[in-house]
Amino acid sequence: AMLSRFRASPLYAEIMQAAAVYRELPFVYEHDGFIVRGVMDVLYRTPGGEWVVVDYKTSRVKSKSPNEPTDAELVTHAQRYHLQLGVYASAVYKQLGVYPRARIHYVQYKNPTVEVSEAAWRAALDRTLSERVRAVILGE
């Protein structure tokens, strides 16, 4: 069901029309003295030349509606991933010299793609990466 929903999504159509697509893309990113290694779900370049990084989420979003969360509920839930998208976008910049658009795609839902603005992921990156990594290292 999730695969069928994804194939029916505008995101799928956009990826299928992309000029370049990189799936499960490993990266290394250094920030504030810390090295982050990871794997991006998908990075693609639109036919117009714009780069887009997408992280897929299978998590369920708590909603007041019994069927689908509202756009606002998805946007609120997506805030917990702004740091992750900031790391991805910054890693792309280090390699390509351009910042990509950043998106989260909730595969469980019908209208599931949340755009994360550059301002939002930058704020999360600036505010939290060092704090979070230090907390893990120092056991805080």
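Helices, of at least four residues, and strands, of at least two, are DSSP runs numbered from the N terminus. The model described here is predicted, and the end of one of its helices serves as a starting point. Just after α4, G97 adopts a positive phi of about 80 degrees. The helix before this residue has the length expected of it, because 15 residues at 1.5 Å a residue should span 21 Å, and the end C-alpha atoms of α4 are 21 Å apart.

The strands form an open sheet. Five strands take part, in the order β1-β2-β3-β4-β5, and their pairing is mixed. β1 and β5 are the edge strands, each of them pairing on one side only. On average, neighbouring strands of the sheet are turned by 35 degrees against each other, direction ignored.

Two of the strand pairs can be described through their bridges and turns. β1 and β2 are antiparallel and are joined over 11 bridges. Within this pair, L25 has M40 in β2 as its bridge partner. The hairpin of β1 and β2 leaves 2 residues between the strands, and D32 has a positive phi near 55 degrees. β2 and β3 also pair in the antiparallel sense, over 4 bridges. Here Y44 is bridged to V52 in β3, and V42 stands opposite V54 in β3. The hairpin of β2 and β3 has 5 residues between the strands, and in its turn G49 shows a positive phi of about 95 degrees.

Helices pack against these strands. α3 lies across β4 and β5 and runs at about 115 degrees to β4. α4 packs on the sheet, where it touches β1, β2, β3, β4 and β5, and its direction makes about 95 degrees with that of β1. Many positions of α4 are buried, namely H82, L83, L85, G86, V87, Y88, A89, S90, A91 and V92.

In α3, the buried residues are E73, L74, H77 and A78. Seen down the axis of α3, these residues fall within an arc of 135 degrees, so they line one face of the helix. This arrangement can be set beside a general property of helices: an α-helix has 3.6 residues a turn, so residues three or four places apart point the same way. The buried residues of α3 are covered by elements that include α4, β4 and β5. On the face of α3 turned away from the buried side are the exposed residues D71 and A72.

The interior can also be described through its nonpolar cores. In soluble globular proteins, nonpolar side chains tend to be buried together. The largest nonpolar core of the model holds 27 residues, of which F27, M40, V53, I104 and Y106 touch the most other members. Two or more residues of this core come from each of β1 (20–31), β2 (34–45), β3 (51–57), α3 (71–78), α4 (82–96), β4 (101–106), β5 (113–116) and α5 (118–138). α4 gives the most to the core, with 7 residues.

Y106 illustrates the contacts made by one member of this core. Leaving aside residues up to four places away in sequence, Y106 touches K57, S59, V61, L74, H77, A78, Y81, P112 and V114. Apart from the largest core lies another core, of 8 residues, including F6, I15, A18 and Y44.

Note on methods: Residues are numbered from 1 along each chain as its sequence is written. This is a predicted model: local features need pLDDT of at least 70, side-chain atom pairs count only at pLDDT 80 or more; totals for chains, interfaces and linings use all residues. Side-chain values use heavy atoms; hydrogens and water are left out. A nonpolar core is a set of buried Ala, Val, Leu, Ile, Met, Phe, Trp, Tyr and Cys residues joined through side-chain atoms within 4.5 Å. Buried means under 20% relative accessible area, exposed over 50%, partly exposed in between (1.4 Å probe, protein chains only). Contact means heavy atoms within 4.5 Å. Two strands pair if DSSP finds at least two bridges between them. Axes are lines fitted to C-alpha atoms, for helices over the stretch in contact, and angles run from 0 to 180 degrees between N-to-C directions. The expected span of a helix is 1.5 Å times one less than its number of residues. The arc is that of the directions from the helix axis to the C-beta atoms.
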